[in-house]
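Q: Could you take a close look at one part of this structure and its surroundings, and set out carefully how that part is put together?

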Amino acid sequence: MFDDESPKLPNPLIVFINQLQYLKRSILSVLLSLPTSLLALLLLLLLAYNGFYVFCIYLPLSKPSPDPAIFSPGNIAGDSVSNWVPAHVSSSSSSSKMYSSVMYVVKEENAPMFLKTHLPPLHNPRNSMVPIPKFSLQRPRRIRKHKRKLKSLPPERKLSLFSTRMRDFFAGNSSSCKVRFFMTWISSKTFGNRELLAVESLFKSHPNACLAIVSNSLDSEKGSQILRPFSEMDFRVMAISPDFDYLFKNTPAEAWYNELRTGKVNPGGVSLGQNLSNLLRLALLYKFGGIYLDTDVIVLKSLSKLRNVIGAQAIDAQTGNWSRLNNAVLVFDKNHPLIFKFIQEFALTFDGNKWGHNGPYLVSRVVSRVRENPKNPGFNFTVLTPSAFYPFNWSRIRSLFRGPKDELHSKWLLAKLRHICSQSFALHLWNSQSRRLNVEKGSIIDHLMSEFSIFPNSSASSSVKIE
């Protein structure tokens, strides 16, 4: 018989074989895991190097600071027009001074509630010139372009269309157009009762005037329907879309507007339409001359005898001098140097985040500097008292919309009404404060609507909410 059992290996040999197999598996495991370990080690080295590079402070060798460019204080609006020269004025030194002003910016702090007129010219502590150095220890930043959609900017129109329509409108009515009026309406809202009342009061006091309303929305079929009642009564009114390129040409606003369109100017948080309206009224007066009115201004008597005037909004009770001007009513000749100063100040100090900075505060700043600077001859203009255009301040405008509470209050309202009509050329309604107020029966506004409306049963009905 045969033995089926196979011969067994001795125990020492079995142990040796097992150790060889374990060593093989260990070596294989190390070899397989070796690339991952190297990668992890490399990443750790890169992270350490990057951290050392980021947090390391480089101290460059000291270099002599460059001399700042020479800056003439005349570049500030209100003192000189060295960099920007009107089309009708020639200057041989304007080009040579252009480059020096590039190294500086004009910084304007928050304007105070009351501006003092006795400040010496060019020494306003709220205006400072900050030199911009050529070298910096920090890495240069890329120019930030403001990509906010500029809804208020209309599409570009042909230059000849605007100029031709304006020329034909004024020239065609030259024999009967005694006074030129301008309004702007850069708004998506409807041209409502309040605005129509302003137009009615204008023609009530100036039946032979010509009114150009610069507006995209009114220069349309719907706008024609709104203004048609005036045309049917032979009042000369025209709505025309603005051509900013034409109006801003050869003024400081030209470069500013180009930078705005390319995103180099921050439009800010204040309505761009409001700021464009502030600039547009100045450009219209500079190009054509005439009278500008806000659409919330009721005209009480003829303005035809006024020339080169601006109205004060408030008076300093201690000094008796004006403390704030306003730009809701402007009467100026064509190419007036003060209007040019206003445009220059707008382009130099534009701030889209401060309400009023580019409007009432702007004209107050410039007139204050011009008045205090004896080196500015030829600025022939007059500042009228608040009673001329702003007999009621914005904080008291509500009282004009309230009806009489009793017989004594009724007598007071009638006396105040007679005083306004006798002492004032116009009444500013401060639309931002009164747009939501109801016109109560027997109120001052109710009487004015009845007196200065030219259409029966139009905006002159009582208890109508003016919007």
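A: Seven strands make up an open sheet of mixed pairing, in the order β5-β4-β3-β6-β9-β8-β10. Strands here are DSSP runs of E with at least two residues, helices are runs of H or I with at least four, and both are numbered from the N terminus; two strands count as paired if DSSP finds at least two bridges between them. The edges of the sheet are β5 (236-240) and β10 (382-384), each of which pairs on one side only. Direction ignored, neighbouring strands of this sheet are turned by 35 degrees against each other on average.

The model is a predicted one, in which local features need pLDDT of at least 70 and side-chain atom pairs count only at pLDDT 80 or more, whereas totals for chains, interfaces and linings use all residues. Residues are numbered from 1 along each chain as its sequence is written, and side-chain values use heavy atoms, with hydrogens and water left out.

Within the sheet, β3 (residues 180-184) runs parallel to β6 (residues 290-293), and two bridges join them. β3 also pairs with β4 in the parallel sense, over five bridges. Phe182 takes part on both sides: in β6 it stands opposite Tyr292, and in β4 its bridge partner is Ala212. Four of the five residues of β3 are buried, so that this strand is mostly covered; buried means under 20% relative accessible area, exposed over 50%, and partly exposed in between (1.4 Å probe, protein chains only).

Phe182 belongs as well to an aromatic cluster with Phe169, Phe170 and Phe288. Across the whole structure a search finds 19 aromatic pairs, and one of them, Trp185 with Phe191, is edge-to-face, at 5.3 Å centre to centre and 85 degrees between the planes. For such pairs, the ring centres of Phe, Tyr or Trp (its six-membered ring) lie within 6.5 Å, and planes under 30 degrees apart count as stacked, over 60 as edge-to-face and the rest as tilted. Both partners are buried, Trp185 with a relative accessible area of 10% and Phe191 with one of 4%.

Helix α9 (residues 360-372) lies across β8 (309-315), β9 (322-332) and β10, and it runs at about 100 degrees to β9. Axes are lines fitted to C-alpha atoms, for helices over the stretch in contact, and angles run from 0 to 180 degrees between N-to-C directions; contact itself means heavy atoms within 4.5 Å.

Helix α3 is likewise mostly covered, with eleven of its 13 residues buried; among them are Arg194, Glu195, Glu200 and Phe203. At 1.5 Å a residue, α3 should span 18 Å, and its end C-alpha atoms are indeed 18 Å apart, the expected span being 1.5 Å times one less than the number of residues.

The loop between α3 (193-205) and β4 (210-214) holds His206, which is buried, with a relative accessible area of 4%. A polar atom of the His206 side chain lies 2.8 Å from the backbone nitrogen of Leu303; a polar contact is a pair of N or O atoms within 3.5 Å, where within protein one must be able to donate a hydrogen and the other to accept it, and residues adjacent in sequence count only if both atoms are side-chain atoms. Leaving out residues up to four places away in sequence, His206 touches Phe181, Val299, Lys301, Ser302, Leu303 and Ser304.

α3 is also met by α13, whose buried residues pack against α3, β7 (297-299), α11 (407-423) and β11 (426-428). Those buried residues of α13 are Ile444, Ile445, Asp446, Leu448, Met449 and Phe452. Ser443 lies in the loop between α12 (431-434) and α13 (444-452) and is buried, with a relative accessible area of 0%; not counting residues up to four places away in sequence, Ser443 touches Leu400, Phe401, Arg402, Gly403 and Pro404.

Two loops leading into strands of the sheet deserve a separate remark on backbone angles. Most residues other than glycine have a negative phi. Asp234, in the loop between α4 (221-232) and β5, has a positive phi near 65 degrees, and Asn308, in the loop between β7 and β8, has a positive phi of about 55 degrees. Their surroundings contrast: Asp234 is exposed, with a relative accessible area of 59%, whereas Asn308 is buried, with a relative accessible area of 8%.
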